[in-house]
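Me: Got a minute to go through a model with me? I'd like to talk about pockets and helix packing.
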Amino acid sequence: MVVNVGIIGYRNHAQRLISLIETNSECKLEHIFHPNKEIDDIRGTNSFSDLLECDVIMISSPNSTHYEYLKKLKSFTGYIFCEKPPAISLEELNELKIIDDTKKGKIFFNFNYRFSELNGIFRKYLNSEEMGKIVYIEIVASQGLAFKQEYVSSWRADGTNNRFNLLDTVTIHYLDLINQYFGNSKNQFYFPKLISDNGTSYDTGHLILEYDRFNVSIINSYATPFIGELSIIGTNGYISIKNNMLEVRTPRNTFDKNNFFISPPILFSKKFDIQNDYSLSLKNSFDFFISHVLDKKKFDLLLYETSMETTQLILELKNN
């Protein structure tokens with residue numbers, strides 16, 4: 001079986017998905033849709049009805065359009081791959097929550113960090129003897145996109161429709177990852193800033209999640225040099241990712257000859273490229289989706305529900 005795919009979107013992230021489709025021998029890209037722009041590709045189309053011929057429709061358009069396309073596909077009986085976030089308002093999200101379970105089972109929201117090596121590290125160590133009880137988690141993921149010439153004219157920089165674009169496109173991944181292991185935090189504090197003065201949407205944000213015994217800090221920006229760093233500090237050990245190196249150090253009770261505490265020995269280390277992990281997680285997520293299509297298998301409804309929960313948290317942060 002070859003899966004016929006149509007995609008909404010043609011640049012940036014959509015282009016990454018197009019590459020994954022084209023390199024998968026079990027997929028054939030039939031249509032690349034844009035509502036009004038002429039796409040320089042024989043598969044380009046401005047006719048939405050062309051997409052309805054496909055087995056799969058992928059939504060990789062600006063965030064503000066996701067819900068409207070899902071609404072237009074209400075009668076579509078094939079599979080839908082939709083980039084996060086599913087919706088940009090609580091009203092839209094509530095509509096998605098009440099659609100029929102049969103329909104939900106054929107919709108996949110791409111929270112691709114669930115399929116990352118970073119998620120594997122969390123799974124292995126967060127509740128481990130090596131780490132002990134978690135004391136603090138910090139994630140810094142940033143780059144200089146806001147200083148690229150094309151940024152100002154992009155939808156990401158449009159503060160009218162995408163004021164919190166960084167929260168929607170980057171922070172949401174890490175929040176989703178944290179929520180898988182710890183559930184909803186008791187308090188959330190979000191501090192958005194426009195640093196670059198390019199565009200009108202926020203290009204930098206700091207999210208703090210307060211749990212009963214520890215806090216999580218997530219800093220994301222489009223206005224800095226590239227940074228991909230992580231720290232997980234526990235009562236018996238800690239994990240760090242910095243300068244493309246991952247280290248796990250444990251146990252706490254490590255002393256020098258004078259019986260003073262010193263840094264624990266390295267239990268495990270390896271090269272770890274956060275950018276590469278993103279690319280691999282995207283491929284893993286896409287492959288997971290296509291395997292369900294090929295097997296004509298429904299997605300676990302828990303995936304749909306957790307996507308709703310993460311998106312609701314993001315929307316509540318915006319409103320607060």
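Reply: Sure. First, a term: a pocket is an open set of grid points with protein on both sides within 12 Å along at least five of seven lines, and its lining residues have an atom within 4 Å of a point. Also, this is a predicted model.

Me: Fine. How much space lies in the second largest pocket?
Reply: About 300 Å³.

Me: Which residues line the second largest pocket?
Reply: Tyr67, Leu70, Lys71, Lys74, Ile80, Glu95, Leu96, Ile98, Ile99, Lys103 and Ile107.

Me: And which elements give two or more residues to that lining?
Reply: Helix H3 (66-72) and helix H4 (90-97). H3 has the largest share, with three residues.

Me: How do the lining residues divide by class?
Reply: Seven are nonpolar and four are charged. There are no polar ones.

Me: OK, switching to helices. At what angle do H8 and H10 pack?
Reply: About 125°, with the axes 10 Å apart. H8 covers residues 165-182 and H10 covers residues 301-319.

Me: What do we call that orientation?
Reply: Oblique. The angle is about 125°, so H8 and H10 are oblique to each other.

Me: Is the crossing left-handed or right-handed?
Reply: The crossing of H8 and H10 is right-handed.

Me: Which residues meet there?
Reply: From H8, Leu167, Asp168, Ile172, Leu175, Asp176 and Asn179. They meet Thr306, Thr310, Thr311, Leu313, Ile314, Leu317 and Lys318 in H10.

Me: What's the class split for that contact?
Reply: The H8 contact with H10 has six nonpolar, four polar and three charged residues.

Methods. Residues are numbered from 1 along each chain as its sequence is written. This is a predicted model: local features need pLDDT of at least 70, side-chain atom pairs count only at pLDDT 80 or more; totals for chains, interfaces and linings use all residues. Side-chain values use heavy atoms; hydrogens and water are left out. Axes are lines fitted to C-alpha atoms, for helices over the stretch in contact, and angles run from 0 to 180 degrees between N-to-C directions. Helices (H or I, at least four residues) and strands (E, at least two) are DSSP runs, numbered from the N terminus. Angles under 35 degrees count as roughly parallel, over 145 as roughly antiparallel, 65 to 115 as roughly perpendicular and the rest as oblique. A crossing is left-handed if the near helix is turned anticlockwise from the far one by less than a right angle, and right-handed if clockwise. Contact means heavy atoms within 4.5 Å. Ala, Val, Leu, Ile, Met, Phe, Trp, Tyr, Cys and Pro count as nonpolar, Asp, Glu, Lys and Arg as charged, and the others, Gly among them, as polar. On a 1 Å grid over the protein atoms alone, a cavity is a set of points where a 1.4 Å probe fits but cannot get out, and a pocket is an open set with protein on both sides within 12 Å along at least five of seven lines; lining residues have an atom within 4 Å of a point. Grid points are joined across faces, edges and corners, and a volume is the space filled by probe spheres set on the points.
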